[in-house]
Amino acid sequence: MFKKLVLSILFFTQFLAFVKPTSAAEPDRFTEENIESFVEKHFSKERLKQLNMTSAGFAFVKGDEVIYSHAFGYENLEEKTPATVEETKFRIGSISKLFVGTAAMMLVDQGKLDLHKDINEYLTEFEVPTAFNKPITLHHLLTHTGGFDEDLNGFSEESYKDVLDLSVYLKEEMPSMVREPGMAIQYSNYGISLAAYIVELVSGLPYETFVEEHIFNKVGMNNSLVKVDDVPNIAQEYSYKNESFVKLPLYGENVFPAADVMATVDDMTKFLIAHKNEARNSANVFFNTDEKVMYETQFAPHEKVEGYAYTFHEKLVGEHRFLEHAGDMAESHSYMAFSPQDDIGFYYVHVGTNAEMNILQDFYDTFYPISTETTKAINAENASEDFSKFEGSYLLNRHAREEFTKFQLLLLPTVDVAVKDDKLLVSLGNAPAEFTYVENNLFKNSKEEYIYFEEHENGEIKNIVYEGAFFDKAPWYHVSTDNIYILIILLSLFLIFSVVLLAKCVLSRFIRKGTKLTLIDILSLGIASLHVWFVVGFAYVLTSISNLWVLTYSVPVLLKISFILPVVAFLLSLLLLGTWAVYWKKGRLTTLSKVTTPILLFASFIFLFILQYYKLIGMPY
């Protein structure tokens, strides 16, 4: 289950991690035979079985021609219904955001929306507070630079029928602002859904109606849905648990514009071609003007690193520029990308517990092979930076800060940066890669992959941009997969105290009845046991639920109880501290208690501090 969680959280950054070619791919590489051979490696019957995938689809286009389009597996295991590109409706996840961007930019193109106007001028039922003395604009929403926190609890509903009205959800579940608008990419489902709501208000149509009439109908997406519904030919999601497939409910997202489109492979191919041709200025499908601002870079911290167009993420592949987006649901994973320059594009989707993580890496290895030439190292003697300031660990900035799903950070590797001679050694849960100096705060490796460091005004490093994602400087007390031993040591201490004190309790009651338990013993046993039971309860919930996506729409009762245990442990720790001080003053402490009690108290307060940092105390939901 932990492996699944890591895969799920890391997918957003993993789909960006591919190699950079030094020369253009030759046109004859993109033949039907080559594409079919490539796809077969990843979605063959044997591969699906190996990775517990139940269905998949892949399409590749060159110009206006669909070179390859095929579906694999079954859309429904119970009925053994084969998946097809024409009929099977897959959940495309966050690729849904491209429909929000398209709808908003159509209204911009018509002069009905202003990208740089305070969004509160469009909102009527509620207002987004102005933080950092800077209003949020549509430009910020469509580039994920609005600065909203990431709240996952309440993100979904177990049944699509229970999804809240968009305006109600946006008003009642508004996240806090964690950074100034326009300063950094802070991926936000809430922000994109807010943009969709503005489309509703300005167009006078429900968002789903606008998309159906002005996007689906224009490109011929006749077999797709804007919102989840129980219709025929859905690619059913399953979790693979205990060597069997568990059918997931037909859940829905309260931020449905950002995640809930259900589409066939054929329909997504039409959508892809329309955008590719718009970006090439060879067609006006969505926009009436030739100024295709939707596809231009709108935010990037440095010209050498990838940024955002409007809702499209850009991928720089050598001298080639791709526009892309990935999507992740509970068990559905999708990706769409096109290169206006090369006039090609591809889309794939698959359903299964183990995401096919290697397909993108393999795509660029296959069709944009790496040059054997080594990038010329740049002499860092002329660099003005003190390289030591770049050292440290960095956290992916897309995570909750105010609710319990922040615990994801415990399972994510950090980006670790160290200095060696005149180079940086950079690792993200793998072997370190050497990066050489390019210019102020910018480094690159032999594959032409760049890492850029952003500074505070005082010169301290605040974050980095690496592999297409933002990472914030980690606080010294952050616990990650690299130093999880801290938690292991603390848990071991609590177990030892629990066992020893419980043995003493049994001894005093049944064997040596003259042995007395002191108040310090009783409080110590309570504290250690509560911490152990918290870990046991928390771990049990995470490993027993069918899929971690459950936590976006439901908090199990056992988990709620577990969150209360540290509160009680904190109160007992304060009482123990006071009792120990009184005993010390009165000379009633044993030699052993003078040592062991401070150790337990120190461990308890450290553990409680860690739990509070990860929002695992009280009612963090």
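The legends below describe close-up views of side-chain contacts in a predicted model.

**View 1. Arg91 and Asp260 form a salt bridge, and Arg91 also lies over the ring of Tyr251.** In this predicted model, a search of the whole structure finds 18 salt bridges, and one of them joins the side chains of Arg91 and Asp260, with 3.1 Å from N to O. Arg91 belongs to strand E4 (residues 90-91), whereas Asp260 sits in the loop between strand E8 (252-253) and strand E9 (262-263), so the contact ties together parts that are 169 residues apart in sequence. Arg91 is buried, with a relative accessible area of 2%, and Asp260 is buried as well, with a relative accessible area of 3%. Arg91 has a further contact in this view, as it lies over the face of Tyr251 at 4.1 Å from the ring centre.

**View 2. Asp149 and Arg401 form a salt bridge between two loops.** The closest N and O atoms of Asp149 and Arg401 are 3.3 Å apart. Asp149 is found in the loop between helix H5 (138-142) and strand E5 (156-157), and Arg401 in the loop between strand E14 (392-396) and strand E15 (415-420), so this salt bridge ties together parts that are 252 residues apart in sequence. Asp149 counts as buried at 2% relative accessibility, and Arg401 counts as buried at 15% relative accessibility, because the cut-off for buried is under 20% relative accessible area.

**View 3. Lys270 and Asp267 form a salt bridge within helix H9.** The side chains of Lys270 and Asp267 meet with 3.9 Å from N to O, and both residues lie in helix H9 (residues 265-279), where they are 3 residues apart, about one turn of the helix. Lys270 counts as partly exposed at 34% relative accessibility, while Asp267 is buried, with a relative accessible area of 3%.

**View 4. Asp149, Arg179, Arg401 and Asp472 belong to one network of salt bridges.** These four residues, Asp149, Arg179, Arg401 and Asp472, are joined by salt bridges that share partners. The network includes Asp149 and Arg401, which form a salt bridge with each other.

**View 5. Phe43 and Tyr348 form a tilted aromatic pair.** The structure holds 54 aromatic pairs, and among them is that of Phe43 and Tyr348, whose ring centres are 6.3 Å apart and whose planes stand at 55°, so the pair is tilted. Phe43 comes from helix H2 (residues 32-43) and Tyr348 from strand E13 (residues 344-352), so the two rings tie together parts that are 305 residues apart in sequence. Phe43 is buried, with a relative accessible area of 1%, and Tyr348 likewise counts as buried, at 1% relative accessibility.

**View 6. Phe322 and Tyr368 form an edge-to-face aromatic pair.** The rings of Phe322 and Tyr368 are 6.0 Å apart, centre to centre, with 80° between the planes. Phe322 lies in strand E11 (residues 320-328), whereas Tyr368 lies in the loop between helix H10 (359-367) and E14, so the pair ties together parts that are 46 residues apart in sequence. Phe322 counts as buried at 0% relative accessibility, and Tyr368 also counts as buried at 0%.

**View 7. Lys80 lies over the face of the ring of Tyr74.** In this last view, Lys80 is placed at 5.1 Å from the ring centre of Tyr74.

Methods: Residues numbered from 1 in each chain as written. Predicted model: local features only at pLDDT ≥ 70, side-chain atom pairs only at ≥ 80, totals over all residues. Heavy atoms only, no water. Helix = DSSP H or I, 4+ residues; strand = E, 2+ residues; numbered from the N terminus. Buried < 20%, exposed > 50% of the residue type's maximum accessible area, 1.4 Å probe, protein only. Phe/Tyr/Trp six-rings, centres within 6.5 Å; stacked < 30°, edge-to-face > 60°. Lys NZ or Arg CZ within 6 Å of the ring centre and 35° of its normal.
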